[in-house]
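These are my notebook entries on one structure. I set down what I looked up, topic by topic.

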Amino acid sequence: MTGFMGDPADWWWRDFESFADMWTKYYTDREPESTFVIDIDGVAVGYLTGCYDSERAWDPGAVAARHAIRRLCMFRPGTAGTIWRSISDVAIDKIVGRGGPPKPFNDSRWPSHLHINMLEVARGKGFGRQLVDTWLERLRERGSPGCYLETMFENTSAIAFFESVGFTRHGPPQLLPGIRDRVGLRMHSQAMVCSLD
Ligand SMILES: CC(C)(COP(=O)(O)OP(=O)(O)OC[C@H]1O[C@@H](n2cnc3c(N)ncnc32)[C@H](O)[C@@H]1OP(=O)(O)O)[C@@H](O)C(=O)NCCC(=O)NCCS
């Protein structure tokens, strides 16, 4: 499983079912026509999940909150640390005036969005560009004015990739609650947009 800038995510979220629910369930179950998979010799090695109208997608934070309670993720090793760190980050950020957690992206100029991920074996071979081009073409056909995405500001490779396929950065990086890099520094999200007219 990838989920942390191309690396496995299990060192900060070790519960596959809730992780899949947060990041893929809406797309596979509610909008499968916007999901694209790269297959090498019968093995899925990469995907793009898209959403035409982002107001219909599920907020991963809300899905995580549901799992925190229903699947007891807030007490289980492998997930509890991240949940409690998120809660304390939000509280401390409020107290010291750093603002709250990032608000969900909401701008009618870019109503659609995407997520993309390739296993290492498939990177750098043009599949990512192929997936994004296919998705943007599909959005043009359906009349969407634009697409956004959110990536980690620290994921400089992904930002370079998205810039090379037509996205530009939108707004400043925003501090993420609960998420640290491997040396413990806090991380940020970066919104990027692509207009389709
Ligand atoms: C980011 C990612 C989706 C790119 O897909 P990819 O198949 O490796 O990219 P492509 O081979 O299609 O490259 C397309 C273009 O992006 C550029 N690019 C790709 N990776 C790059 C990098 N690390 N640094 C700079 N440019 C890069 C390439 O130069 C290429 O340009 P070209 O077509 O003019 O040669 C993929 O590498 C990946 O999944 N990485 C790990 C997970 C991740 O970070 N996902 C994004 C989370 S939001």
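**Entry 1: Two helices that cross**

I began with a pair of helices and noted that α1 passes α3 in a right-handed crossing. The model I am reading is a predicted one. I looked up the axes next: those of α1 (residues 16-23) and α3 come within 8 Å and cross at roughly 155 degrees. Angles over 145 degrees count as roughly antiparallel, and α1 and α3 are therefore roughly antiparallel to each other.

I then asked which residues of α1 meet which residues of α3. From α1 I listed Ser18, Asp21, Met22 and Trp23, and from α3 I listed Pro60, Val63, Ala64 and His67. I sorted the residues of this contact by character and obtained 5 nonpolar, 2 polar and 1 charged.

**Entry 2: The nonpolar cores**

I turned to the largest nonpolar core, which has 19 residues. Which of its residues touch the most other members? I recorded Trp135, Cys147, Tyr148, Met192 and Val193. I also traced the elements that give two or more residues to this core, and they are β3 (112-118), α5 (127-142), β4 (146-152), α6 (156-164) and β6 (186-195). The largest share, 5 residues, comes from α5.

I followed Trp135 further, leaving aside its neighbours within four places in sequence. Trp135 is in contact with Phe36, Leu48, Gly50 and Leu114.

I found a second, separate core of 6 residues, and among them are Phe19, Met22, Ala64 and Ala68. Two of these names were already in my first entry, since Met22 in α1 and Ala64 in α3 belong to the residues that meet there.

**Entry 3: Positive phi outside glycine**

Finally, I looked up backbone angles. Asp41 is not a glycine, yet it has a positive phi of about 50 degrees. I located Asp41 in the loop between β1 (35-40) and β2 (43-51). Is Asp41 buried or exposed? I counted 5 other C-beta atoms within 10 Å of Asp41, so I entered this residue as exposed.

Leu72 is likewise a residue other than glycine with a positive phi, here near 55 degrees. I located Leu72 in the loop between α3 (60-70) and α4 (80-95). Why does Leu72 count as exposed? A residue is exposed if 12 or fewer other C-beta atoms lie within 10 Å of its own, and Leu72 has 12 such neighbours, so I entered Leu72 as exposed.

Definitions and conventions. Residues are numbered from 1 along each chain as its sequence is written. This is a predicted model: local features need pLDDT of at least 70, side-chain atom pairs count only at pLDDT 80 or more; totals for chains, interfaces and linings use all residues. A nonpolar core is a set of buried Ala, Val, Leu, Ile, Met, Phe, Trp, Tyr and Cys residues joined through C-beta atoms within 7 Å. A residue is buried if 20 or more other C-beta atoms lie within 10 Å of its own, exposed if 12 or fewer, and partly exposed in between; C-beta atoms are placed from the backbone. Helices (H or I, at least four residues) and strands (E, at least two) are DSSP runs, numbered from the N terminus. Two residues are in contact if their C-beta atoms, placed from the backbone, lie within 7 Å. Axes are lines fitted to C-alpha atoms, for helices over the stretch in contact, and angles run from 0 to 180 degrees between N-to-C directions. Angles under 35 degrees count as roughly parallel, over 145 as roughly antiparallel, 65 to 115 as roughly perpendicular and the rest as oblique. A crossing is left-handed if the near helix is turned anticlockwise from the far one by less than a right angle, and right-handed if clockwise. Ala, Val, Leu, Ile, Met, Phe, Trp, Tyr, Cys and Pro count as nonpolar, Asp, Glu, Lys and Arg as charged, and the others, Gly among them, as polar.
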